[in-house]
Amino acid sequence: MHEIKNPKKPLVFYYGIALLAIFLVNVLAMPYIARRQIKEVDYGTFMTMTENKEIGQVQVQDNQIMFTDKDGKAVYKTGLMNDPDLVQRLHDSGAKFTSEIVEEMSPVMSFFVSWILPMLIFIGIGQFMSKQMIKKAGGKNSMMFGMGKSNAKVYVKSAEGIKFDDVAGEDEAKENLAEIVDYLHDPNKYKEIGASMPKGILLVGPPGTGKTMLAKAVAGEANVPFFSMSGSEFVEMFVGMGASKVRDLFKQAKEKAPCIVFIDEIDAIGKKRDGQLGGNDEREQTLNQLLTEMDGFEGNTGVIILAATNRPESLDPALTRPGRFDRRVPVELPDLKGREAILKVHAKKIKVSDDVDFNKVARMASGASGAELANIINEAALRAVRDKRKFATQADLEESIEVVIAGYQKKNAILTNKEKLVVSYHEIGHALVAAKQTNSAPVQKITIIPRTSGALGYTMQVEEGNHYLMTKEEIENKIATYTGGRAAEEIIFGSVTTGASNDIEQATKLARAMITRYGMSDDFDMMALETVNNQYLGGDASLVCSAETQTEIDRQVKELIKRQHEKAAKILLDNRTKLDELAKFLYEKETITGEEFMQILNA
Ligand code: ADP
Ligand code: ZN
């Protein structure tokens, strides 16, 4: 893709003004500023002029003579010679002696007048103009000149333009957007029947799922220009700039229609106006400008606005009203099939050995986004290069999953033997509890090599196909699995460590959700106890219930976790020999695969 330069006034324009100012001062104003130009003549000319009575005023100085002609217009100077009766002759010629013939300007002065002064004038004009501009943009202060222009990048199609085929998986999103492409190809078909396209389409989903790619692909498929801008860019500027950037962006877009305007992170400008005192003026101005622009053009101008967000619930309702972003296209994390497809798309860019099992890699990378999968492929290629191999192998890919998901291996972090033993038991505790509960996913691999992410142990679970629904028992088992690490520490060492902090967090989240969100407690039945504020980023939720109910929820969460913790401890006690055997294996080898685990467990 290549970028077209911003068609606004270039810097050259301002340099031009500066040069013009200098030129004007020198040519037009200089003679008046310096009043007269002084012409140097030789002594002979001076004597001739004296004889011909052509001298008006004369001033004899230390080493030169300044004089004017009869009508005082031209000023001359000449060197002073040893000429004893000069004064007499001048007097005879009728010249007037004076001390008022204008002095020649000093070089410093002349430099000032011809260069510095014009520059000052220019800077003055510039400042005045920029102040005007800021006033127009509705802002208060800005120190820079010409900042109101949008930095919207214009992409035009080229050979490497992104197409739908480059976006793996996400079939539903593509289907949804295909209609837009069709419209951009043949708007008349839609106009004839009176249908108008939605002006704005919201791409909603977690980070790294290909929203930007999809937007580019729409432009690529439809063969139209692509303008992109990030919501956070709008608001991080000086006050008042966001609004004028929006204005500018839409001006450019309308000139280039049909085209795609893509606004990434729209939540940065489109957050709900919370009515707080002293809200963010800048953001509101920008948002208002965006709404004005969207309302200002008809549905059929051929400008289609795509916006991406991972916080759809935080958007101002004004943005999602009919005629604005009234269509929503979910772009979810890829499922198993999608992950495999994404891995294959990116693997085409590197050399991989023929026996790579992408399905297995995809299974291991459950929960990874498209961006993470792309990163896994790249890490595998880097690893192959480091090991001086020509192809990336299955082992490279599997190692990369851990690298990308769990951080780089901390080769030189040193665990004491006691710590290693505790971590081994802790991790086997999780795995054993998981394996003994029929419904829990089996373990793929456990390692106790510390990661930069801070995790000391790492358990990779394999997802068997896709899971959309979870039963109450499955969630309970998961909670039991989370408590299994701590339970093992208690049984073996009789004391506990800080290693379970993440387990505690996860177990509590699940237990709380069972009660407040999934209606899986006995006495609250199907009563909603909370609202989800953010479905994608961590899913923070707020309770909607009385204080007494909250106390009761807390009590039930505690009970639930405690029950599962006891269950986990019982499983481990019942399998104490296996626990020791497995932990010993992990302690010695630092890594245990799912197969090795099952072999020991079933031996
Ligand atoms: P988002 O805009 O949703 O945050 P991007 O579109 O910027 O995500 O994706 C970031 C990168 O991740 C892309 O450049 C691409 O390499 C990779 N990627 C994400 N999703 C996909 C996908 N569905 N197919 C292929 N690559 C993908
Ligand atoms: Zn743990």
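This is a selection-by-selection tour of a predicted model.

Local features need pLDDT of at least 70 and side-chain atom pairs count only at pLDDT 80 or more, while totals for chains, interfaces and linings use all residues. Residues are numbered from 1 along each chain as its sequence is written, chains are lettered from A and ligands numbered from 1 in the order in which they are written, and side-chain values use heavy atoms, with hydrogens and water left out.

**Stop 1: the zinc site**

Select the zinc ion (ligand 2) together with H426, H430 and D503. The donors (N, O and S atoms within 2.8 Å of the metal, or 3.2 Å for Na, K and Ca; water is not among the atoms, so sites may look incomplete) are NE2 of H426, NE2 of H430 and two OD entries from D503, at 2.0 to 2.8 Å. Angles subtended by the 4 donor atoms run from 52 to 148 degrees, which makes the arrangement irregular. Four donors count as tetrahedral if all angles lie between 85 and 135 degrees; four count as square planar and six as octahedral if opposite donors are over 155 degrees apart and all others between 65 and 115; anything else is irregular. The sequence spacing of the donor residues is H-x3-H-x72-D. H426 belongs to helix α16 (residues 417-436) and D503 to helix α18, so the pair ties together parts that are 77 residues apart in sequence. Helices (H or I, at least four residues) and strands (E, at least two) are DSSP runs, numbered from the N terminus.

**Stop 2: α17 and α18**

From D503, extend the selection to α18 (residues 501-516) and add α17 (residues 472-493). The two pack at about 160 degrees with axes 9 Å apart; axes are lines fitted to C-alpha atoms, for helices over the stretch in contact, and angles run from 0 to 180 degrees between N-to-C directions. α17 and α18 are therefore roughly antiparallel (under 35 degrees is roughly parallel, over 145 roughly antiparallel, 65 to 115 roughly perpendicular and the rest oblique). Among the residues in contact (heavy atoms within 4.5 Å) are I475, I479 and Y482 of α17 and D503, L510 and M514 of α18. By class, this contact has 8 nonpolar, 1 polar and 5 charged residues. Ala, Val, Leu, Ile, Met, Phe, Trp, Tyr, Cys and Pro count as nonpolar, Asp, Glu, Lys and Arg as charged, and the others, Gly among them, as polar.

**Stop 3: α16 and α20**

Return to α16 and add α20 (residues 576-589); their axes come within 8 Å and cross at roughly 130 degrees. The pair is therefore oblique. Contacting residues include L421, Y425 and I428 of α16 with L579, L582 and L586 of α20. The class count is 9 nonpolar, 3 polar and 3 charged.

**Stop 4: two backbone details**

Select A257 and P258, which are joined by a cis peptide bond with omega of about 0 degrees. P258 sits in the loop between α9 (241-256) and β10 (259-264). Then go to D525, a non-glycine residue with a positive phi of about 50 degrees. D525 is in the loop between α18 and β15 (530-532).
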